[in-house]
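Here is a friendly tour of one chain, with an eye on how its helices sit in the fold. Please have a look at the model first.

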Amino acid sequence: MALAGAAVLSEAAPEEGELVLSEAAPVEDELAESPSSNACSDNWTEFDGRCFQYVPKELSWAKAEKNCQSMGAHLASVHSTAEHNEIQKIIIDASQKLKETWIGGSDAHEVGEWFWSDGSHFDYNDWCAGEPSVQEAQRCLQINYTEDKCWDNIECSTERPSVCFKDAEDFRDVCVHACVQNI
Ligand SMILES: [Ca+2]
């Protein structure tokens, strides 16, 4: 990074009054400040190319999903045990607890037909024994239920903290300068 900055400066070799140097300097500053090991931006944690954020504010499932969407994200979908473990770690790191928390699962369209709000395949689950309950009223998926910290379906109007996610590459599209190290 320092070399690149030096090259810009030496190549510029501007005559007095030229604007190249003064334009180059802020870019160099931005690079120095950008995170080096996280493909996500601040407040998001990267795992396997995906960026997760714990939202402590307790919201209904729909409001939690809309809150994620306002950040270009969705409630988290989960596709492996490793990913599930990482989400629980993010919750503990942020809140020092493992409270019941919304992720993006719902069978709101048809009882028993579970899907993720991001449209990905529902190919992994960690339902507690006896869950999901076959009840018209319980259409949304919370994690960290009971001592087993497994999955449960409950009423979507229940207010819970939540976990949002977006793909790391979505950050690359929007932060041309600040995330240039990750391109
Ligand atoms: Ca249930």
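Let's begin with helix α4, residues 81-95, in this predicted model. Its 15 residues reach 21 Å from the first C-alpha to the last, close to the 21 Å expected at 1.5 Å a residue. The buried residues of α4 are His84, Ile87, Ile90 and Ile91. Seen down the axis, these buried residues fall within an arc of 120 degrees, so they line one face of α4. A general rule helps here: an α-helix has 3.6 residues a turn, so residues three or four places apart point the same way. On the other side of α4, the exposed residues are Thr81, Ala82, Asn85 and Asp93. Just after α4 comes Gln96, with a positive phi near 60 degrees.

Helix α3 (residues 61-69) has buried residues too: Trp61, Ala64, Glu65 and Cys68. They lie on the same side of α3, because they cover an arc of only 100 degrees around its axis.

What do the buried residues of α3 pack against? Their partners are the strands β2, β3, β4, β6 and β8. For α4, the cover over the buried residues includes β1, β2, β4 and β8.

Finally, a word on confidence. The average pLDDT of the protein is 83, and 74% of the residues score at least 70. Two stretches stay under 50:

| Residues | pLDDT | Contacts beyond four places in sequence |
|---|---|---|
| 1-14 | under 50 | 10 contacts |
| 17-36 | under 50 | 19 contacts |

Where pLDDT is low, the predicted coordinates should not be read in detail.

Key
Residues numbered from 1 in each chain as written. Predicted model: local features only at pLDDT ≥ 70, side-chain atom pairs only at ≥ 80, totals over all residues. Buried ≥ 20, exposed ≤ 12 C-beta atoms within 10 Å, placed from the backbone. Helix = DSSP H or I, 4+ residues; strand = E, 2+ residues; numbered from the N terminus. Arc of directions from axis to C-beta. Contact = placed C-beta atoms within 7 Å. Expected span 1.5 Å × (residues − 1). pLDDT = per-residue confidence, 0-100.
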